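Please look through the model below with attention first to its ligand and then to its backbone geometry.

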Amino acid sequence: MAAAHGAVVTRRAAALALLSFLAGCGGSGSGPTAPTPTPTPPPAAEQDPLRADAEASGRLIGAAIQSRYLAEPLYARTLARHFDYVTAEYEMKWDPTERQPGVFDFAGADAIVTFAAANRMQIKGHALLWHQALPGWVAALPANELQAAIESHIAAVVSRYRGQIAVWDVVNEAVADSGGLRDTVFLQKLGEGYLEQAFRAAHAADPGALLVYNDYGSEGLGRKSDDVYALVRRLLDRGVPIGGVGLQMHVAAQNRPSNADIAANMRRLGALGLRVNVSEMDVRIRNVAGDLSARLEVQRREYRDIVGLCTAEPACHAVTFWGFTDRYSWIDGFFGPDDPLPFDESYAAKPAFFGVQDALRGR
Ligand code: G3I
C-alpha cells in the first residue's frame, strides 16, 4: 500500500512540476501559478544515516536480515547506510544450521557475517535454543541425548563465529504467555536447568560474547514480564553468564504497553546489572483509524517514543527492527497485510524513519 501511495505522490509531483515549468515559460504571470510541488523525499539511500545518530547516542541501530535479499542493490545499500547492527532473522536458528545430527549448513549465516564485516556492523546471533525452528530429530531425543545435542549444537555454532558475533540470543521465548515456564520439549525433558546449561555452553564457546535471554509480551509490566524478570534474576543468582535481556517489541500502534511501564521494566532489568535491547521491533498500523498518512503519523510517534525509551535508559544499548522495509516483513503472513517498518516497499523512508531519527537525536 505504501508503494502505491508513493507512486501517486510521484505522479502528482511530476504533474505539478510540469505545470509550474509551463507557468514559468508563460512569463506573463497569466493564469494561476501552480503551487510549489511538495518535494518528494530523496530515496532512503540518501537520507542522513541512522547509524551516525545511533553512534552519537551510544546505541546500536539494527535490523533483522536474510542473506537472500543481500543481492538486491537497494536492500544492501539501505541496510549498510543506516544500520550498524544486524540480526539473522532465520539463518542462525537450529533448523537451518543443523537439519541432521552433526550435519551443519552455515552458508546463510556466513553470508550475513561477511556482509556485516564488510560494512562495519556488529552481529547478533539468533537464536541458539528455541522451541520453534527446531529440527524434528532434536525434539525426539531422550533426555540425556537431548542435553548432549544442545551442548554440541551450541558449541559448534558459537565457536564458529567466536570473536565475530558479539551478542547471542541464547534462549528465546522460554516463558509462557500466561506466566511460568513455557512447556517446551526442553522443559519437559530437562527441567528449568536447560536454560543454565545453554548459557554455560555458549559462554564456554565464546567467553567474550554478550549472552541474552529474548522474549515477547514482556516489554512492559505484568505477569509475563514479572516472570521473565524472576527467571533472569534466578539465573544471575546461580552465577549463570547471562548479560542481557531482549524485549522483542512486536507491537500494534495505540495498543501496546505504556511508555512508563516499558521504562520501568528496562530500569529494573538494568538494576540487575543486565543490558537491555529492543530486539525485534515492528509497529503494526492495520487497525489504526484514518487514511494512510494519518496512520503513518501515528506510527511515526510510536517509533519515536519507543526508540526514545531506549535512548533514555542507560542499560538499553541497542534497538533492532525485525526487518527494515515493508517489502519483507513476517507481519503480513502472520497478522495480515500491514506496513510495520521504517522503510516502505520501495526503500523510501517513511514518517517512522524520521521518528527514529528524532529519538536518536534526542528530539
Ligand atoms: O529460507 C527458506 C526457503 O529456502 C524455503 O524455500 C522456504 C519454504 O519453506 O522457507 C524458508 O525459510 C523460512 C524462513 O522464515 C525464511 O523466510 C521458514 O520456512 C519460516 O518458518 C521462517 O519464519 C521465520 C520464523 O521466525 C520462524 O523461524 C520468520 O522469517 C521470522 O521473522 C520469525 O522470527 C521470529 C523470531 O525468530 C522470534 N520472535 C518472533 C519472530 C516472529 O515470529
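How far from an oxygen atom of the ligand does a polar side-chain atom of Glu89 lie? In this predicted model, the distance from that polar side-chain atom of Glu89 to the ligand oxygen is 2.5 Å. Two other side chains can be read in a similar way: a polar side-chain atom of Trp322 is 2.9 Å from an oxygen atom of the ligand, and an N or O atom in the side chain of Gln66 is 3.4 Å from a ligand oxygen. On its own the ligand has 800 Å² of accessible area, of which the protein covers 56%.

The ligand is placed in the largest pocket, and of the 15 residues around it, those that come nearest are Arg68, Glu89, Lys93, His126 and Glu280. By residue class, the shell around the ligand consists of 5 nonpolar, 5 polar and 5 charged residues.

His126 also leads to the backbone, since the peptide bond from His126 to Ala127 is cis, with omega near -10°, and Ala127 has its place in strand 3, which spans residues 122-129. Most peptide bonds are trans, and most residues other than glycine have a negative phi.

Two residues other than glycine have a positive phi here: Glu173, with a value near 60°, and Met249, with a value near 65°. Glu173 belongs to the loop between strand 4 (167-172) and helix 8 (185-190), and it counts as buried because its relative accessibility is 8%, under the 20% cut-off. Met249 lies in the loop between strand 6 (244-247) and strand 7 (250-252), and with a relative accessible area of 0% Met249 is likewise buried.

Conventions:
Residues are numbered from 1 along each chain as its sequence is written. This is a predicted model: local features need pLDDT of at least 70, side-chain atom pairs count only at pLDDT 80 or more; totals for chains, interfaces and linings use all residues. Side-chain values use heavy atoms; hydrogens and water are left out. A residue is near a molecule or strand if one of its heavy atoms lies within 4 Å of it. A polar contact is a pair of N or O atoms within 3.5 Å; within protein, one must be able to donate a hydrogen and the other to accept it, and residues adjacent in sequence count only if both atoms are side-chain atoms. Accessible areas come from the Shrake-Rupley method with a 1.4 Å probe; for residues, only the protein chains shown count as cover. On a 1 Å grid over the protein atoms alone, a cavity is a set of points where a 1.4 Å probe fits but cannot get out, and a pocket is an open set with protein on both sides within 12 Å along at least five of seven lines; lining residues have an atom within 4 Å of a point. A molecule sits in a cavity or pocket if more than half of its atoms lie within 2 Å of its grid points. Ala, Val, Leu, Ile, Met, Phe, Trp, Tyr, Cys and Pro count as nonpolar, Asp, Glu, Lys and Arg as charged, and the others, Gly among them, as polar. Helices (H or I, at least four residues) and strands (E, at least two) are DSSP runs, numbered from the N terminus. Buried means under 20% relative accessible area, exposed over 50%, partly exposed in between (1.4 Å probe, protein chains only).
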